[in-house]
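Trainee: Could you give me a close look at one part of this structure, and then lead me on from there to other parts of the chain? I am new to this, so please explain the terms as you go.

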Amino acid sequence: MRRVLRQRILKPRDVAIFSGEINQVIADLIKRIYILRSQAEDGETVTSINDLFFKYSMEGVATILYESRLGCLENSVPQLTVDYIEALGLMFSMFKTSMYAGAIPRWLRPFVPKPWREFCRSWDGLFKFSQIHVDNKLRDIQCHMDRGETVRGGLLSCLFLSQELTLEEIYANMTEMLLAGVDTTSFTLSWAVYLLARHPEVQQTVYREIVKNLGERHVPTAADVPKVPLVRALLKETLRLFPVLPGNGRVTQEDLVVGGYLIPKGTQLALCHYATSYEDENFPRAKEFRPERWLRKGSLDRVDNFGSIPFGFGVRSCIGRRIAELEIHLVVIQLLQHFEIKTSSWTKAVPAKTHGLLTPGGPIHVRFVNRK
Ligand code: HEM
């Protein structure tokens with residue numbers, strides 16, 4: 001799959017073509033915020049932005065993957081999508097138990113049935129959802145081809161037309177991509193908004209840059225993102241403080257000497273970049289939220305810092321990175337154009353919690369106040 005999609009999503013300019021689709025999802029998100037706000041006592045607070053951004057991320061990534069809308073941000077969410085969300089919830093709530101499910105020998109399963117049963121139930125739900133959407137889209141593509149029309153499409157069309165993957169492989173990869181692309185993006189967006197609400201001075205600086213370089217109401221596309229470096233810096237800083245995957249691992253492919261220690265070929269290495277992200281040696285005043293630390297001082301300046309590698313690195317690094325970045329950059333710009341994001345009397349300090357992924361440890365409530 002990586003080989004087929006490499007040309008399509010690994011660089012920022014590859015995913016730029018999805019700006020229009022993502023902006024449609026953002027328009028629905030903003031409508032949803034107005035509705036949710038109007039239902040609040042103070043007319044401004046949206047409770048649990050975690051849920052709202054989950055729906056945004058799911059709608060956004062599905063639009064790109066399946067080339068179709070799921071209706072996550074509608075007043076009434078379609079049953080198929082509700083079932084998928086339930087299966088996903090089950091998968092994550094069972095994360096620790098089900099992680100061991102595969103390790104339980106077959107003969108032991110009747111005696112300890114729950115982990116394997118739940119593992120299968122959640123994954124069956126996830127696959128079923130993917131399969132229905134993939135089948136719908138493929139039928140659609142086939143119809144176009146039968147009529148002799150050229151098919152130009154997104155990722156699913158590309159995988160299908162490449163003929164390099166079997167149908168089973170397409171189902172499996174689409175399921176994995178959707179799974180990998182929802183919580184990761186939604187947690188990061190929730191943290192970014194939480195940090196902005198708690199640091200109004202940072203928010204004001206980012207907003208001023210947006211207004212100066214893009215305007216108060218210009219709907220941004222990927223081409224606009226380089227004009228607002230603070231928005232990119234905000235995402236990097238959010239992921240430094242709250243990397244969704246707090247650790248990573250690799251098996252060494254050859255003998256290595258690191259810091260005077262010999263690490264033999266075949267050793268399993270664990271890297272906790274959550275820890276290295278908080279080291280003052282790597283990031284001065286590391287506990288502070290300072291997006292400007294990521295700004296380049298000149299065209300030759302590089303601010304890469306291997307203390308924080310939230311998307312991993314190398315040939316197995318995150319394949320959805322550019323999609324996630326586009327989804328987050330565009331939505332942050334538009335949220336700040338529409339609203340000043342503030343804490344409310346319900347906003348509590350939210351700790352991070354590890355549950356397989358690093359997640360917000362509680363609901364995040366913020367006020368979306370109209371820009372004057
Ligand atoms: C803020 C959002 C995201 C973060 C922080 C994130 C982070 C990561 C990390 C750390 C890895 C492991 C990389 C490594 O071992 O070097 C990974 C892998 C992966 N991610 Fe993401 N991810 C995000 C969004 C997405 C999205 C939106 C998608 C899909 C559209 C996606 C799909 C994948 C896939 C398929 C892999 C496995 C790649 C492989 O093994 O070849 N991710 N991600």
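Mentor: Let's begin at the metal. The iron atom of the ligand has Cys318 as its only protein donor, through SG at 2.3 Å. A donor here is an N, O or S atom within 2.8 Å of the metal (3.2 Å for Na, K and Ca), and water is not among the atoms, so a site may look incomplete. Cys318 sits in the loop between helix 12 (273-277) and helix 13 (321-338). Helices (H or I, at least four residues) and strands (E, at least two) are DSSP runs, numbered from the N terminus.

A word on what you are looking at: this is a predicted model, where local features need pLDDT of at least 70 and side-chain atom pairs count only at pLDDT 80 or more, while totals for chains, interfaces and linings use all residues. Residues are numbered from 1 along each chain as its sequence is written, and side-chain values use heavy atoms, with hydrogens and water left out.

Now to the strands. Strand 7 (residues 352-355) and strand 8 (residues 357-360) pair in the antiparallel sense over four bridges; two strands count as paired if DSSP finds at least two bridges between them. Thr354, for example, has Leu358 in strand 8 as its bridge partner. One residue lies between the strands of this hairpin, and Gly356 takes a positive phi near 80 degrees there.

There is also an open sheet of three strands, with the order 1-9-6 and antiparallel pairing. Its edge strands are strand 1 (45-46) and strand 6 (339-343), each of which pairs on one side only. Strand 1 meets strand 9 (residues 366-370) over two bridges, in the antiparallel sense, and Thr45 stands opposite Arg367 in strand 9. As background, side chains in a regular strand alternate between the two faces of the sheet.

Just after strand 1, look for Ser48, in the loop that leads to helix 4 (49-65). Ser48 has a positive phi near 50 degrees, although this residue is not a glycine. Is Ser48 buried or exposed? Ser48 is buried, because its relative accessible area is 14%; buried means under 20%, exposed over 50%, and partly exposed in between (1.4 Å probe, protein chains only). Compare Gln163, in the loop between helix 8 (155-162) and helix 9 (167-198). Gln163 also has a positive phi, of about 55 degrees, without being a glycine, but Gln163 is exposed, at 69%.

Helix 7 (113-146) comes next. In the loop between helix 6 (95-101) and helix 7 you will find Phe111, which is exposed with a relative accessible area of 66%. Trp107, Phe111 and Val112 form a nonpolar surface patch, with about 400 Å² of accessible area together. Patches are made of residues with over 30% relative accessible area and no salt bridge, joining like charges within 9 Å and nonpolar side chains (Val, Leu, Ile, Met, Phe, Trp, Tyr) within 5 Å. The areas come from the Shrake-Rupley method with a 1.4 Å probe, and for residues only the protein chains shown count as cover.

Within helix 7 itself, Ser130 is buried at 1%. Leaving aside residues up to four places away in sequence, Ser130 touches Tyr66, Tyr171, Met174 and Thr175, where a contact means heavy atoms within 4.5 Å. Gln131, also in helix 7, is partly exposed at 34%.

Helix 7 also holds a charged pair: Glu118 and Arg121 meet in a salt bridge (3.5 Å, N to O). A salt bridge needs a side-chain nitrogen of Lys or Arg within 4 Å of a carboxyl oxygen of Asp or Glu. The two residues are three apart in the helix, so about one helical turn separates them. Glu118 is buried at 10%, while Arg121 is partly exposed at 46%.

The structure holds 16 salt bridges. Another one links Asp28 and Lys31, with the closest N and O atoms 3.5 Å apart; both lie in helix 3 (residues 19-38), three residues apart. Asp28 is buried at 18%, and Lys31 is exposed at 53%. Elsewhere, Arg290 forms a salt bridge with Glu292, at 3.7 Å between the closest N and O atoms. Returning to the earlier pair, salt bridges that share partners join Asp28, Lys31, Glu59 and Arg69 into one network.
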